Amino acid sequence: MADTANARQGVEDQSKRDFLYLAAGAVGAVGAAAAVWPMIDSLNPSADVLALASIDVDLAPVAVGQAITVTWRGKPVFIRHRTEAEIEAARSVDVDDLVDPQPDEARVIEPQWLVMVGICTHLGCVPLGQRPSDPKGEYGGWFCPCHGSHYDTSGRIRRGPAPRNLDVPTYAFSGESAITIG
Amino acid sequence: MALQTNSRVIRWIDHRLPIFTFMNHELNEYPTPRNLSYMWNFGSLAGIALVIMIVTGILLAMQYTAHVDHAFDSVERIMRDVNYGWLLRYAHMNGASFFFIVVYIHILRGLYYGSYKAPREILWMIGVVILLLMMATAFMGYVLPWGQMSFWGATVITNLFSAIPLVGPDIVVWLWGGFSVDNPTLNRFFALHYLLPFVIVAMVFLHLWALHRFGSNNPLGIDAKGPQDKIPFHPYYTVKDLYGLGVFLILFAAFVFFAPNYMGHPDNYIEADPLVTPAHIVPEWYFLPFYAILRAITFDIGIPFTGIVLIDAKLGGVIAMFGSIAVLFVLPWLDGSPVRSGRFRPLFKQFFALFVVTCLVLGYMGAMPAEQPYVTISQIGTAYYFAYFLVILPLLSVLERPKPLPASISEPVLRGGGTVAGATAKPMEKP
């Protein structure tokens, strides 16, 4: 009986079937996506990982010319108390000549304090240049030994494979010489 | 044909679940070309290597702690305190290297004898999937001991994904489960390192299913003309495979017992330190050619004279590295020559030899620092690697004049194709 009914209703019935098929399929796809999303999102940083996302750093003990490394979100953060000469070197560069053009003023809040994530923007190594004995590269800043990127005294990429300047994290001065990173 | 046996128990089971018939058909009477050389040993060797890895791996997992504070110490405990822990770990470490040696020879065998050509394209493509799964498994396994190379290798490789435009950095955070390689990363890598080998097992079954559809290729690359060209798998090839296994195990044991760390890296015996990068980050040897290709792209690709960059050097390197595997998927359609075996392709033979040399040179370059002249040599090697697949093979399919093929597999042996039956008794019968 079903066969004869189908045959009689013909094209109209076919388009109704197609509509039902597509509508049911769409609802199923949305449902499946809604079920899959919690699984994918469970792999994103969890609440306890995010809770450790900001730190306070006291800058008072860091003398001019010294640098310290602190850990923030599992990554090293470089803080350098720059000398006048280093600030001058960073500011005298023609910005248009840079791989990733950015004036030094845009990378600091107080010019003597340079705060950066100490991770090479190429493939994530930690550049050398924090300790007095480290090689500092051709531009007096940092040198990444993995693939030979040279950074200047503003942490900008000058030579080598890295595509970007060292990242500046979000931070704010919480006092005369104390900052909150994150 | 159902299995003939006197055992009533086997007949009872086989009637309900024909597993004995199946095993008899695929492993015993399975007709195999009679001219397979020792180059055809490496498939079964790879299977045995997989079993060695799974057995030692499960036992190691029972002693290992996947936590950043304990992982390194738990591996050292396996080495010092667990009964035969040193043997299990060294067998697992060197087993990975030997698995790759065997699989690379298996792949080069397929490349030379045209085993990827019709009707074995899907067999080949499943093989490439197995290679990719092996690479992912090996990479994640290397992270688990939580040494310096583990940590920094994981950092460099996961950072490759940050090259993806727009969503790259978010994907990296998602892969890590944090803002750097850390405890969540170690945990998920351990879970996946345990899972993927069993996915490989499933893919191996598909690989064998596709293989047994048309049977093995052979050194002549021509199809069997009839039963006189084939012999049963058992005992002829079971014994040949066992002999090869003996040789394999001697070499394997030589490394496990006398040079267990020869293929490893001393920096991985220093516990991971997120604040100190080793002076020279090198992946395991089996990734070196691909690492060389990654680092060979040191230039941006853009529209000439406009300064517009379409693909920067980092993304270009990542695309080239993944492309070097991806190109294998389409190989059956790049090589249009109807002749399978390289034996009858005089020009192909030479380009293939150069290809093998290129892979070895790229491997050496991958271990060298990113300086001249290594960068230029890597670039030449990378160019030839891709040219071989994308330019040379398609051109050879048109330009090359292959040598005449023998009439059948038995003909070259029988000198002029004398009557088959007289010369070889009854080929498909057991001795």
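In which loop of chain B is Leu166(B) found? Select Leu166(B) in the viewer, and you will see that the residue sits in the loop between helix 7 and helix 8 of chain B, where helices (H or I, at least four residues) and strands (E, at least two) are DSSP runs, numbered from the N terminus. Before going on, keep in mind that this is a predicted model, in which local features need pLDDT of at least 70 and side-chain atom pairs count only at pLDDT 80 or more, while totals for chains, interfaces and linings use all residues. Residues are numbered from 1 along each chain as its sequence is written, chains are lettered from A and ligands numbered from 1 in the order in which they are written, and side-chain values use heavy atoms, with hydrogens and water left out.

**Two residues with positive phi**

Most residues other than glycine have a negative phi, and most peptide bonds are trans. Leu166(B), still selected, has a positive phi near 65°, and the residue is exposed, with a relative accessible area of 84%; here buried means under 20% relative accessible area, exposed over 50%, and partly exposed in between, with a 1.4 Å probe and protein chains only. Now select Arg73(A), which lies in the loop between strand 2 (67–72) and strand 3 (75–81) of chain A and has a positive phi near 55°. Arg73(A) counts as partly exposed, at 29% relative accessibility.

**A sheet in chain A**

Staying in chain A, select strands 1, 9 and 8, which form an open sheet in that order with antiparallel pairing; two strands pair if DSSP finds at least two bridges between them. Strand 1 (55–58) and strand 8 (171–175) of chain A stand at the edges with a single partner strand each, so one side of each has no neighbour in the sheet. Strand 8 of chain A pairs with strand 9 (residues 178–181) of chain A over four bridges, and if you pick Tyr171(A), you will find Ile181(A) of strand 9 standing opposite.

**Cis peptide bonds in chain B**

Move next to Ala118(B) and Pro119(B), which are joined by a cis peptide bond with omega about 0°; Pro119(B) lies in the loop between helix 5 and helix 6 of chain B. Another cis bond runs from His234(B) to Pro235(B), with omega near 10°, and Pro235(B) lies in helix 10 of chain B.

**The pockets**

On a 1 Å grid over the protein atoms alone, a cavity is a set of points where a 1.4 Å probe fits but cannot get out, and a pocket is an open set with protein on both sides within 12 Å along at least five of seven lines; lining residues have an atom within 4 Å of a point. Grid points are joined across faces, edges and corners, and a volume is the space filled by probe spheres set on the points.

The largest pocket has a volume of about 1600 Å³, and to find it you can select Gly43(B), Ser44(B), His207(B), Leu208(B) and Leu211(B), which are the closest to its centre of the 49 residues that line it. Helix 9 of chain B supplies the largest share of this lining, with 10 residues.

The second largest pocket, of about 890 Å³, has 33 lining residues, and Met135(B), Ala136(B), Phe139(B), Ile157(B) and Phe322(B) are the closest to its centre. Because domain 1 (34–215 + 232–261) and domain 2 (280–400) of chain B both give residues to the lining, the second largest pocket lies between them; these domain bounds come from an automatic or database domain assignment. Helix 6 of chain B gives the most to the lining of this pocket, with eight residues.

**The cavities**

The structure holds three cavities of 30 Å³ or more, and about 850 Å³ of space lies in the largest. Select Met53(B), His92(B), Met93(B), Gly141(B) and His193(B), which lie nearest the centre of the largest cavity among its 40 lining residues. Helix 5 of chain B gives the most to this lining, with eight residues, and Met93(B) lies in that helix. Met93(B) is partly exposed, with a relative accessible area of 26%, and its C-alpha is 8.2 Å from that of Gly264(B), although the two are 171 residues apart in sequence.

End at the second largest cavity, with a volume of about 60 Å³, whose lining includes Ala292(B), Arg295(B) and Tyr374(B). Helix 15 of chain B gives the largest share of this lining, three residues.
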